[in-house]
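Please keep the sequence and the coordinates side by side while reading. The paragraphs below go from annotation to domains, then to ligands and local backbone geometry.

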Amino acid sequence: MSRASLSVVSDAVTVRVPAKVNLYLAVGPLRDDGYHDLMTVFQALSLYDEVRVSPATELRVTTTGEGAAEVPADDTNLAARAVTEVAQRVGRAPRVAIDVTKRIPVAGGMAGGSADAAGALVGVVNLWGLDLDRDQQSEIAAGLGSDVPFALHGGTALGTGRGEQLMPILARGEFHWVLALSKTGLSTPAVYRELDRLRHTRSETDIEIDRPDALMAALTSGDPRVVAPLLRNDLQAAALSLQPALRRTLRAGVDAGALNGIVSGSGPTCVFLCADESAAVNVAAELSGAGVARAVRTASGPVPGARVIEE
Ligand SMILES: C[C@@](CO)(OP(=O)(O)O)[C@H](O)COP(=O)(O)OP(=O)(O)OC[C@H]1O[C@@H](n2ccc(N)nc2=O)[C@H](O)[C@@H]1O
Ligand SMILES: Nc1ncnc2c1ncn2[C@@H]1O[C@H](COP(=O)(O)OP(=O)(O)O)[C@@H](O)[C@H]1O
């Protein structure tokens, strides 16, 4: 890249950030701070939001694309919060315009808001030429939300703590997914609350947070047929309790030929692991025709986390 093109990039920086799916999500009891300890396996998928940051007279955020009307345009927007946090750390005024192009479903359990926060964080660090290393960026990310560090990191990773402590996992090959987007979103805190309600008769010591050892071994094999039966999501029962129609969606994906289907994180997006790319295309076509989803997408993973792309 020439010096001239580098200086153009610093006038406006665009960052591409992936959605995530939880291949495994074991949820411990409710902690005193309102969070739950997790053992989760994240995978970043090739469904991206784009976050463009550029100098402005004051902080503003606009959103276009998938579900834009449901995304706040004020300082509660997670991308705006990311810029405000970085600005405070480095003692600058947050005079930045943030333009988000959404493809990740809003309130869909695919961490779209977290992706936008990670994108704005990487964007403003590059725009201002800040000397913040990966650890410092991850620490800021964790303060913005439990899923934000993974949106920076990408790939396939084990998440512990409240999901913010990450360890990369070796996953061979490419996995092919079909995503069934729901008509209405689900609130993450509401789904965790529903899980606590469903578990209310169980003593805390009965709630196991098993390690995903079998899944991690399966991921190194790169064989989706070995991985598929090991997908697990403790939040799925709670998401199905709040949106019972998702049972039909899950059944329809498996009937259409997917190896397995699972609710993504807190839902309501349902994700289906397929044997290969052509199987995913067939499952997507059949699911679209079944009328069980607002929209259907295909995506593959793992892909890298938040990355600056050229304008
Ligand atoms: C469920 C998961 C699975 O990856 O993702 P989504 O499906 O929402 O994308 C995550 O745990 C969501 O992470 P994120 O959306 O970043 O949550 P946060 O902003 O940190 O927390 C929102 C709320 O979710 C609940 N929460 C979140 C994380 C956690 N380990 N335990 C919790 O109980 C708390 O009620 C918290 O107040
Ligand atoms: N930039 C953003 N993009 C999406 N949602 C956002 C954003 N900023 C704040 N939110 C709020 O966060 C909530 C959860 O959003 P999202 O991250 O898309 O879902 P999930 O937590 O299910 O993965 C939304 O309902 C929305 O009100």
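**Annotated spans, domains and ligand shells**

According to the UniProt annotation "domain: GHMP kinase C-terminal", taken from an unreviewed entry, residues 216–290 form one annotated span. What is shown is a predicted model, and in it this span is 55% helix and 15% strand, with its end C-alpha atoms 33 Å apart. A second annotation from UniProt, "domain: GHMP kinase N-terminal" (again an unreviewed entry), covers residues 77–155. Over residues 77–155 the chain is 58% helix and 9% strand, and here the end C-alpha atoms lie 25 Å apart.

The domain assignment is a separate matter from these annotations: the protein chain is divided into domain 1 (3–169) and domain 2 (175–301). Taken over C-alpha atoms, the centres of domain 1 and domain 2 are separated by 23 Å. Across the boundary, 27 residues of domain 1 are in contact with 36 residues of domain 2. On the side of domain 1 that touches domain 2, β1 and β2 each supply at least two residues, and β1 gives the most, with ten residues. Sorted by class, that side of domain 1 has 18 nonpolar, eight polar and one charged residues.

Within domain 1 (3–169), it is worth following the chain through one local unit. Strand β3 (residues 60–65) and strand β4 (residues 96–102) run parallel and are joined by six bridges, and one point at which to locate the pairing is Thr63, whose bridge partner in β4 is Val100. Helix α2 (residues 78–90), together with β3 and β4, makes a β-α-β unit that is left-handed.

Which elements each supply at least two residues of the shell around ligand 1? They are β1 (13–30), β2 (36–55) and α6 (188–198), and β1 and β2 also contribute to the side of domain 1 that touches domain 2. The shell around ligand 1 comprises 20 residues, of which Gly145, Ser146, Asp147, Arg162 and Gly265 are the closest. By class there are six nonpolar, twelve polar and two charged residues in this shell, and each of domain 1 and domain 2 provides at least three residues to the shell around ligand 1.

Ligand 2 is surrounded by 19 residues, with Leu78, Ala107, Gly112, Gly113 and Asp116 coming nearest. The elements giving two or more residues to this shell are α2 and α3 (112–127), and the largest share, four residues, comes from α3. Helix α2 is thus part of the β-α-β unit with β3 and β4 and also a contributor to the shell around ligand 2. By class, the shell around ligand 2 has nine nonpolar, nine polar and one charged residues, and it too draws at least three residues from each of domain 1 and domain 2.

Finally, some backbone details deserve a look. Most residues other than glycine have a negative phi, and most peptide bonds are trans. Ala107, one of the residues that come nearest to ligand 2, has a positive phi, near 50°, and lies in the loop between β4 and α3. A cis peptide bond joins Gly267 and Pro268, with omega about 5°, and Pro268 is found in the loop between β9 (260–263) and β10 (270–274). The peptide bond from Gly301 to Pro302 is also cis, with omega near 5°, and Pro302 sits in the loop between β11 (295–301) and β12 (307–309).

Technical notes: Residues numbered from 1 in each chain as written. Chains lettered and ligands numbered in written order. Predicted model: local features only at pLDDT ≥ 70, side-chain atom pairs only at ≥ 80, totals over all residues. Near = placed C-beta within 6 Å. Nonpolar A, V, L, I, M, F, W, Y, C, P; charged D, E, K, R; others polar. Domains from an automatic or database assignment. UniProt positions renumbered as here; feature names shortened; annotations may be inferred. Pairing = 2+ DSSP bridges. Right-handed = clockwise from strand over helix to strand, strands pointing away. Contact = placed C-beta atoms within 7 Å.
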